[in-house]
Amino acid sequence: MNRRLLLGLAAAAALAGCAGPTPADYAAETPKLDLKTFFDGEMTAHGIFSDRSGKVVRRFTVQMTGTWTGDDGVLDERFTYSDGKTERRVWKLKSLGGGRYEGRADDVVGVAQGTAAGNALNWRYTLKLPVDGSVYEVQFDDWMFQMDDKVMLNKAEMSKFGVRLGEVTLAFHKR
């Protein structure tokens, strides 16, 4: 009986150790991230997509324009990939107060949910991703970290059915 209890406690401890970070882990970090302030005006981002082995398989640049009216924002993203292809995504953002945000875009399934604390924001959403003539719904666990008033770093893990597909890494620069 004691052995079973010990094994159960060991398993619970192991699972607890697997828990990922939460925005609250960054609450004391500065500068304080506020999407309405950072994503207002013109920005450029440079990014890469790495497959599950870590190999960079695609590079891109994003020209962005952010505008806000009260708690409602629009982030217009225009992607140019290293192979010359282009893409556009227009996010409709809403500040819900208390560091909570939601976002919608034509290729996002449902509503993206975001939580910010300190210098960090965590977005979670499902994206319709076109690949070789098919469209796959992939989950994003997207982290943004504001470095200063002009730079934000972004790291997003992509998965499908809980299997890690790769990672997107971006650096945003305000003009």
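This briefing describes the largest pocket, the largest nonpolar core and one buried residue of a predicted model. Local features in this predicted model need pLDDT of at least 70, side-chain atom pairs count only at pLDDT 80 or more, and totals for chains, interfaces and linings use all residues. Residues are numbered from 1 along each chain as its sequence is written, and side-chain values use heavy atoms, with hydrogens and water left out.

**Largest pocket**

- The largest pocket has a volume of about 1,100 Å³.
- A pocket is an open set of points on a 1 Å grid over the protein atoms alone, where a 1.4 Å probe fits, with protein on both sides within 12 Å along at least five of seven lines; lining residues have an atom within 4 Å of a point.
- The volume is the space filled by probe spheres set on the points, which are joined across faces, edges and corners.
- Its lining comprises 41 residues, and Leu127, Leu129, Phe140, Met158 and Val168 lie nearest the centre.
- Strand 7 contributes the most to this lining, with 7 residues; strands (E, at least two residues) are DSSP runs numbered from the N terminus.

**Largest nonpolar core**

- This core (buried Ala, Val, Leu, Ile, Met, Phe, Trp, Tyr and Cys residues joined through side-chain atoms within 4.5 Å) has 33 residues, of which Phe39, Trp123 and Phe172 touch the most other members.
- Beyond four places in sequence, Phe172 touches residues including Phe38, Phe39, Met64 and Met144; contact means heavy atoms within 4.5 Å.

**Ser50**

- Ser50 is found in strand 1 (residues 41-51).
- Ser50 counts as buried (under 20% relative accessible area, 1.4 Å probe, protein chains only) because its relative accessibility is 11%.
- Leaving aside neighbours within four places in sequence, Ser50 contacts Lys55, Val56, Leu165, Gly166 and Glu167.

Methods: Helix = DSSP H or I, 4+ residues; strand = E, 2+ residues; numbered from the N terminus. Buried < 20%, exposed > 50% of the residue type's maximum accessible area, 1.4 Å probe, protein only.
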